[in-house]
Amino acid sequence: MTVDPGPAALHIDALRRARASARIGHTILYFDSVDSTNTVAQRFAMDGAAEGTVVIAETQTQGRGRLGRTWISPPFRNLYLSVVLRPPIATAVAPQIGLVAGVAAVDAAREWVSQAAVKWPNDVVIDRRKVAGILTEMDADGDRVRFAILGIGVNLNTTAEDFPDDLRDKAIGLCTAAGRPIDRVEFADHLLSRLEEHYDLFLREGFAAIRPLWESRASLIGRHVRIDAHTQRVEGVVAGLAADGALLLRAADGNEVRVVVGDVTVDGGYR
Ligand code: BT5
């Protein structure tokens, strides 16, 4: 007997077919509900899962952002996925993978909405609202990366009423900006294809090849911003990315400031 998965479920067989000969997504593990796709992918990676293995869930009970924050994960509307990567790189440059993924996620979103942009470190925003978030976690062997788990959450078919009150003016679904529902299989296929393309470029040519791509898709170059990191606050005009992926600000005194971690706030605006 076959069980109808219901109209709302992701057509996982179609996605698996589309990715069958790809490097990212050759194996897709699909779940109705998990705590966090990053946690599940980490477990598979520990057990030896190959590079390019992808974990997708319809919902997450403990979807997470950076610094212990929560990623709201309503079921059957969006994309919550994590990719196992095994880049031969030093731990110090692992955060660059998040920037690579930011470029890929923006390019996927731009297939539907041309004004999608990347906001440092790796949010995808449309009209200043966050449509996607990226969380890179890694496991190290000395100063080398053993594996990295790249987690990407994209709001595809959530509308304003799906978000809690405090997120309503900060978050957006791609469907709202596009004015039509988003085919989740099509989006996931685009996202994984763009990721494969930019990740390959990163492995071949290093971050130097990614940096101009990131900068040309960035939302805040030339804007005055504040950055809160731990107990410190810095302010300045966004100049671009440093060679290692740090954000460069030009402070009021003319000095250049490097920022490696933090949350960017635009003057008079959103987080
Ligand atoms: C992020 O953190 O933006 C990274 C989010 C990564 C989520 C994916 S989903 C698949 C994988 N599995 C996981 O468990 N995580 C990854 P951060 O920059 O810290 O932003 C978190 C903040 O974004 C929250 O504190 C909220 O303000 C906001 N937020 C939460 N859920 C959101 C949503 N669905 N859409 C837009 N903003 C959201």
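Student: In which loop is P121 found?
Tutor: Let's start there, keeping in mind that this is a predicted model. The strands to look for are β4, residues 117-119, and β5, residues 123-126. P121 sits in the loop between β4 and β5.

Student: And which residue does a cis peptide bond join to P121?
Tutor: Look at the omega angle, which is about 0 degrees for this bond. That bond is cis, and the residue joined to P121 is W120.

Student: Is D127 buried or exposed?
Tutor: D127 belongs to the loop between β5 and β6 (129-141). Its phi is positive, about 50 degrees, although D127 is not a glycine. Exposed means over 50% relative accessible area. The value for D127 is 54%, so this residue is exposed.

Student: What about R128: which exposure class does it count in?
Tutor: R128 also has a positive phi without being a glycine, here about 70 degrees, and lies in the loop between β5 and β6. The class between the 20% and 50% cut-offs is the one to check. With a relative accessibility of 35%, R128 counts as partly exposed.

Student: Moving on to the sheet, which strands are at the edges?
Tutor: Happy to! The open sheet has five strands with antiparallel pairing, in the order β11-β10-β9-β8-β12. The twist from one strand to the next averages 45 degrees. An edge strand pairs on one side only, and that picks out β11 (256-259) and β12 (263-266).

Student: Which residue in β9 is the bridge partner of H224?
Tutor: Strand β8 spans residues 224-229 and strand β9 spans residues 232-241. The two pair in the antiparallel sense over six bridges. For H224, the bridge partner in β9 is V237.

Student: Which helix gives the largest share of the largest nonpolar core?
Tutor: That core has 66 residues, and those with the most contacts inside it include L81, F187 and L247. The largest share is ten residues, and it comes from the helix spanning residues 95-110, helix α3.

Student: Where does this core lie relative to domain 1 and domain 2?
Tutor: Check which domains give residues to the core. Domain 1 (12-216) and domain 2 (224-266) both do, so the core lies between them.

Student: Which residues is L191 in contact with, leaving aside its neighbours within four places in sequence?
Tutor: L191 is one of the residues with the most contacts inside the largest core. With those sequence neighbours set aside, the contacts of L191 are L79, L81, A104, A105, A108, I152 and V154.

Conventions
Residues are numbered from 1 along each chain as its sequence is written. This is a predicted model: local features need pLDDT of at least 70, side-chain atom pairs count only at pLDDT 80 or more; totals for chains, interfaces and linings use all residues. Side-chain values use heavy atoms; hydrogens and water are left out. A nonpolar core is a set of buried Ala, Val, Leu, Ile, Met, Phe, Trp, Tyr and Cys residues joined through side-chain atoms within 4.5 Å. Buried means under 20% relative accessible area, exposed over 50%, partly exposed in between (1.4 Å probe, protein chains only). Helices (H or I, at least four residues) and strands (E, at least two) are DSSP runs, numbered from the N terminus. Domain bounds come from an automatic or database domain assignment. Contact means heavy atoms within 4.5 Å. Two strands pair if DSSP finds at least two bridges between them. Axes are lines fitted to C-alpha atoms, for helices over the stretch in contact, and angles run from 0 to 180 degrees between N-to-C directions.
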